[in-house]
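Colleague: I should like to learn how to read the features of a protein model in a systematic way. May we work through one example together?

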Amino acid sequence: NFGTILGGRSLTAKSGLGGSLDTVDYYRFDVGPVAGPFALWEGSRSVTISLTELNADADIEILDSNGNSVGSSRKAGTSSESLTLNLVNGRNYYVKVTPFNGALTDYRLTISAR
């Protein structure tokens with residue numbers, strides 16, 4: 001659980017996955033307002049999700065709280081994955097990290113909001 005991502009902030013995790021025992025990683029995060037005395041929860045926020053430092057192919061998909069896909073990045077090889085979405089403030093989302101064909105890979109996942 002990444003917790004709440006606020007405007008102007010980033011959260012990062014370094015991990016690895018793949019093989020027969022670790023086939024998918026999930027990260028939960030909530031979208032929050034811009035930090036400050038006049039923070040508002042209404043509306044949406046631009047959120048960028050990046051998967052970098054890959055040594056094998058892996059993909060990312062963003063799911064809403066009902067498990068519906070709201071976006072994905074599926075580049076071939078060790079190219080970094082990244083996507084920017086407008087996500088609704090006050091809601092929780094999940095990042096699904098999946099290795100291609102069970103590949104073993106380390107990675108760095110970063111979630112940032114504007």
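Colleague: With which residue does lysine 14 form a salt bridge, and how far apart are the closest N and O atoms?

Modeller: Please keep in mind that this is a predicted model. As a general idea, side chains of opposite charge can pair when their charged atoms come close. Here lysine 14 pairs with glutamate 53, and the closest N and O atoms are 2.8 Å apart. The two residues belong to distant parts of the chain, 39 residues apart: lysine 14 is in strand β2, whereas glutamate 53 is in the loop between β4 and β5.

Colleague: Which residues are linked with Lys14 in a network of salt bridges?

Modeller: The network links Lys14, Glu53 and Arg108. Arginine 108 forms a salt bridge with glutamate 53, with the closest N and O atoms 2.9 Å apart. This pair, too, links distant parts of the chain, since arginine 108 lies in strand β9 and glutamate 53 in the loop between β4 and β5, 55 residues apart.

Colleague: How is accessibility to be read for glutamate 53: is the residue buried or exposed?

Modeller: A residue counts as buried under 20% relative accessible area and as exposed over 50%, with partly exposed in between. Glutamate 53 has a relative accessible area of 41%, so the residue is partly exposed. Arginine 108, at 28%, is likewise classed as partly exposed.

Colleague: How many salt bridges are there in total?

Modeller: The count comes to four. One of them joins arginine 28 to aspartate 30, where the closest N and O atoms are 3.3 Å apart. Arginine 28 is partly exposed, with a relative accessible area of 31%. Aspartate 30 has a relative accessibility of 18% and therefore counts as buried.

Colleague: Let us turn to the fold. How many helices and how many strands does the chain contain?

Modeller: The chain has zero helices and nine strands. In general, strands of a sheet pair through backbone hydrogen bonds, either parallel or antiparallel. In this model, an open sheet of four strands shows antiparallel pairing in the order β2-β9-β4-β7. Strands β2 (10-17) and β7 (81-88) stand at the edges; each has a single partner strand, so one side of each lacks a neighbour in the sheet. From one strand to the next, the twist averages 20 degrees.

Colleague: How many bridges pair strand β4 with strand β9?

Modeller: Strand β4 (residues 44-52) and strand β9 (residues 105-113) pair over six bridges in the antiparallel sense. As a point of register, serine 50 stands opposite threonine 110 in β9.

Colleague: And how should one read a hairpin, for example the one that β5 and β6 form?

Modeller: One may begin with the pairing and then examine the turn. Strands β5 (residues 58-64) and β6 (residues 69-73) pair in the antiparallel sense over four bridges. The bridge partner of leucine 63 in β6 is serine 69. Four residues lie between the two strands of the hairpin, and glycine 67 in the turn has a positive phi of about 85 degrees.

Colleague: Where does asparagine 68 lie?

Modeller: Asparagine 68 lies in the loop between β5 and β6. With a relative accessible area of 42%, asparagine 68 is partly exposed. Setting aside residues up to four places away in sequence, asparagine 68 touches Ile62 and Leu63. The C-alpha atoms of asparagine 68 and tyrosine 94 are separated by 9.8 Å, and these residues are 26 apart along the chain.

Colleague: Finally, which residues touch the most other members of the largest nonpolar core?

Modeller: The general idea is that, in soluble globular proteins, nonpolar side chains tend to be buried together. In this core of 24 residues, Phe29 and Val95 touch the most other members. At least two residues of the core come from each of β2, β3 (25-34), β4, β5, β7, β8 (92-99) and β9. The largest share, four residues, is supplied by β9. Not counting residues up to four places away in sequence, phenylalanine 29 touches several residues, including Ile5, Val47, Leu87, Val95 and Ile111.

Colleague: What percentage of the residues in the chain is buried?

Modeller: Buried residues make up 42% of the 114 residues. The chain exposes about 5900 Å², of which carbon and sulfur atoms supply 48%. Of the contacts between residues at least 6 apart in sequence, 75% join residues at least 24 apart.

Conventions:
Residues are numbered from 1 along each chain as its sequence is written. This is a predicted model: local features need pLDDT of at least 70, side-chain atom pairs count only at pLDDT 80 or more; totals for chains, interfaces and linings use all residues. Side-chain values use heavy atoms; hydrogens and water are left out. Two strands pair if DSSP finds at least two bridges between them. Buried means under 20% relative accessible area, exposed over 50%, partly exposed in between (1.4 Å probe, protein chains only). Contact means heavy atoms within 4.5 Å. Accessible areas come from the Shrake-Rupley method with a 1.4 Å probe; for residues, only the protein chains shown count as cover. Axes are lines fitted to C-alpha atoms, for helices over the stretch in contact, and angles run from 0 to 180 degrees between N-to-C directions. A salt bridge is a side-chain nitrogen of Lys or Arg within 4 Å of a carboxyl oxygen of Asp or Glu. A nonpolar core is a set of buried Ala, Val, Leu, Ile, Met, Phe, Trp, Tyr and Cys residues joined through side-chain atoms within 4.5 Å.
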